[in-house]
Amino acid sequence: MTQAKAFAAFDKTSPLGPFTFERREPLARDVQLDVLFCGVCHSDLHTVKSEWPGTTYPCVAGHEIVGRVTKVGADVKKFKAGDSVAVGCLVDSCRTCSSCKEGLEQYCQGGFQMTYNSPDKHMPGQQTYGGYSTHMVVDEDFCLRVSDKLDLAAVAPLLCAGITTYSPLRHWGVTKGKKVGVVGLGGLGHMGVKFSHAFGAHTVLFTTSAGKAEDAKRLGADEVVISRDQDAMMKHAGSFDVILNTVSASHNLDAFTMLLKRDGTLVLVGVPEVAHPSPNVGVLIFGRRSIAGSLIGGLKETQEMLDFCAEHGIVSDIEKIPMQGINDAYARMLKSDVKYRFVIDMASLRS
Ligand code: NAP
Ligand code: ZN
Ligand code: ZN
């Protein structure tokens, strides 16, 4: 076993603070990596503050991880010491159900193991601990290749914010000629804008923060709409093929379903603590519109997304913070003041 240094939440209200714990020695199919950078996802905040059910403390969050391999098990084929690698939201799944067989491990019916806050099958009685830590040990099938052509700190958010927006935009057929809305310009939203633009769609960003309009255009939005301006909203009524909603708080969905074309889809990826008000059924029926959901992405598609980003020079717009700055970063995230993803430089935890 090796000792890892980390930052953990010890209960739902106290600030995160230092914590040490044991990681397993790499097994035959394991990769051990030093964490270089870890993105800060709003899901980390929902989890450490117990806004969703089921948080076990201490909780070491972080599932947007880029690192360097330090050691591999005897049977590892794909990686060697020195490689740049990444780990996202999952570290294992049942591998036998129909979803796993199709490479959709995020929909595993047998139960997947999340990168943090899941029972750790290798360390009985312990939870999985995530990327707010000095190093990790992960099965090679849940480890991804990363191109050294890109800024590794800015790659980290691709592992959740990136794949969670890439996957639904691909699934719902976003291409040139489609009109796509992205709601909320935070970590997920800014990647949604970048991907929608890269896929050639006419991209409209909906925001509550007027001050983000210029950034949204720079990131690839063709138009920006202040979602609290009803007149501006209604100019787009009945016109969208797909709207990707990344908002982290409960709000009225009708304002967006009304903007869909016939057969259009509002895809929800935000998971608010308090449920959204029930949508107006009439708006859905008159227009055969849909409300759908989407969860991160499988390993195959995550690798495809990372390769797409390397080819097209796409990374996240980040603000680097030391591990000790995490509590301030959470406070700013709650004020929608993220431009556009905090990334922890894990050197701060080693020094
Ligand atoms: P984030 O960086 O905090 O961004 C959320 C954005 O939502 C804010 O920047 C803000 O954008 C908007 N917003 C916040 N409060 C709002 C309110 N009350 N009304 C309207 N808009 C509001 O969060 P994130 O990391 O992108 O995560 C977003 C959500 O997705 C979270 O709930 C997270 O847990 C969830 N998530 C889901 C998946 C999945 O697989 N489905 C994966 C990762 C994360 P503006 O300032 O532009 O309005
Ligand atoms: Zn996330
Ligand atoms: Zn499965």
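In this predicted model, the zinc ion (ligand 2) is held by three protein donors, namely Cys-41 (SG), His-63 (NE2) and Cys-160 (SG), at 2.0 to 2.2 Å. Along the chain these donors follow the spacing C-x21-H-x96-C. His-63 belongs to the loop between α1 (42–48) and β4 (65–72), and Cys-160 to the loop between α3 (152–155) and α4 (161–171), so this pair ties together parts of the chain that are 97 residues apart in sequence. With a relative accessibility of 8%, His-63 counts as buried because the threshold for that class is under 20%. Cys-160 is likewise buried, its relative accessible area being 5%.

A second zinc ion, ligand 3, has another set of ligating residues. Its protein donors are Cys-94 (SG), Cys-97 (SG), Cys-100 (SG) and Cys-108 (SG), which lie 2.3 to 2.4 Å from the ion. The spacing of these residues in sequence is C-x2-C-x2-C-x7-C. The 4 donor atoms subtend angles of 102 to 120 degrees around the zinc ion (ligand 3), and the arrangement is therefore tetrahedral; the class requires all angles to lie between 85 and 135 degrees. Two of the cysteines can be described further in terms of accessibility. Cys-97 counts as buried at 12% relative accessibility, and Cys-100 is buried with a relative accessible area of 9%.

From the metal sites the description passes to the strands. An open sheet of 6 strands is arranged in the order β12-β11-β10-β13-β14-β15, and its pairing is parallel. Its edges are formed by β12 (223–226) and β15 (290–293), each of which pairs on one side only. On average, neighbouring strands of this sheet are turned by 20 degrees against each other when direction is ignored. Strands of a sheet pair through backbone hydrogen bonds, in either the parallel or the antiparallel sense. At the β12 edge, strand β11 (residues 202–207) is joined to β12 by 4 bridges in the parallel sense. Within this part of the sheet, Thr-207 stands opposite Ile-226 in β12.

Thr-207 also leads to the surroundings of ligand 1, since this residue is among the closest to that molecule, together with Thr-208, Ser-209, Lys-212 and Arg-341. In total, 29 residues surround ligand 1. Several polar contacts can be specified. The side chain of His-42 places an N or O atom 2.7 Å from an oxygen atom of ligand 1. For Lys-212, a polar side-chain atom lies 2.7 Å from an oxygen atom of ligand 1. Val-271 contributes through its backbone, a polar atom of which is 3.0 Å from an oxygen atom of ligand 1.

Arg-341, another of the residues closest to ligand 1, introduces a further strand. Strand β17 comprises residues 341–345 and is mostly covered, with 4 of its 5 residues buried. Strand β17 has two partners to consider here. Strand β16 (residues 318–322) runs parallel to β17 and is joined to it by 5 bridges; in this pairing Ile-318 stands opposite Arg-341. Strand β3 (residues 30–39) runs antiparallel to β17, with 3 bridges between them. Here Cys-38 stands opposite Ile-344 in β17.

Notes. Residues are numbered from 1 along each chain as its sequence is written. Chains are lettered from A and ligands numbered from 1 in the order in which they are written. This is a predicted model: local features need pLDDT of at least 70, side-chain atom pairs count only at pLDDT 80 or more; totals for chains, interfaces and linings use all residues. Side-chain values use heavy atoms; hydrogens and water are left out. Donors are N, O and S atoms within 2.8 Å of the metal (3.2 Å for Na, K and Ca); water is not among the atoms, so sites may look incomplete. Helices (H or I, at least four residues) and strands (E, at least two) are DSSP runs, numbered from the N terminus. Buried means under 20% relative accessible area, exposed over 50%, partly exposed in between (1.4 Å probe, protein chains only). Two strands pair if DSSP finds at least two bridges between them. Axes are lines fitted to C-alpha atoms, for helices over the stretch in contact, and angles run from 0 to 180 degrees between N-to-C directions. Four donors count as tetrahedral if all angles lie between 85 and 135 degrees; four count as square planar and six as octahedral if opposite donors are over 155 degrees apart and all others between 65 and 115; anything else is irregular. A residue is near a molecule or strand if one of its heavy atoms lies within 4 Å of it. A polar contact is a pair of N or O atoms within 3.5 Å; within protein, one must be able to donate a hydrogen and the other to accept it, and residues adjacent in sequence count only if both atoms are side-chain atoms.
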